[in-house]
Amino acid sequence: MEKLLQGVVKFSNHVRPSLLPTLEKLANKAQPRMLLITCMDSRLCPTSFTQADPGDMFIVRNPGNVMPHNQLFGDTHHSVLSERAALELAISTGVQHIAVCGHSDCKVTPQA
């Protein structure tokens, strides 16, 4: 936990100031061009491996980069609200690309 707290302080003091001009431009109008659906595996850093800047993309992270079948979106027995909301928001704001990013050697699922 200490490492994470130190990271927040470092970000606030050193990284955030250089991002402020970009964040100020995005404050009133962000138009991401992509929705990226990827695994929540802690070894993946979507903004690092895509070299995306703030405002470039929406990111949905879940176990196994799963996008539930559209028939489940209306099913009250399944909880797929975040994926549906992300997809609807992306489409309604005009994203140009939707990508699902898989990876090998996933450690999200328990090993037998």
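**Fold, surface and a bent first helix**

Of the 112 residues of the chain, 20% count as buried. The model is a predicted one. The chain holds 3 helices and 3 strands. Helices and strands alternate along the sequence in the order α-β-α-β-α-β. Among contacts with a separation of 6 or more, 58% join residues that lie 24 or more positions apart.

The surface was examined next. The exposed area of the chain comes to about 8300 Å². Carbon and sulfur atoms supply 57% of that area. One nonpolar patch on the surface covers about 370 Å². Its members are M1, L4 and L5. Of these, L5 belongs to helix α1, which comprises residues 2-26. The relative accessibility of L5 is 45%. L5 therefore counts as partly exposed, since this class lies between the 20% limit for buried and the 50% limit for exposed residues.

Helix α1 also departs from a straight course. A straight helix of 25 residues would span 36 Å, at 1.5 Å a residue. Between its end C-alpha atoms, however, α1 spans only 31 Å. A bend of about 60° is found in α1 at R16. A proline, P17, follows R16 within four residues. Helix α1 thus carries both L5 of the nonpolar patch and the bend at R16.

Methods. Residues numbered from 1 in each chain as written. Predicted model: local features only at pLDDT ≥ 70, side-chain atom pairs only at ≥ 80, totals over all residues. Heavy atoms only, no water. Helix = DSSP H or I, 4+ residues; strand = E, 2+ residues; numbered from the N terminus. Buried < 20%, exposed > 50% of the residue type's maximum accessible area, 1.4 Å probe, protein only. Contact = heavy atoms within 4.5 Å. Areas by Shrake-Rupley, 256 points an atom, 1.4 Å probe, with all protein chains shown as cover. Patch = residues over 30% accessible without salt bridge, like charges linked within 9 Å, V, L, I, M, F, W, Y side chains within 5 Å. Salt bridge = Lys/Arg side-chain N within 4 Å of Asp/Glu carboxyl O. Expected span 1.5 Å × (residues − 1). Bend = angle between axes of the 7 residues up to and from the residue.
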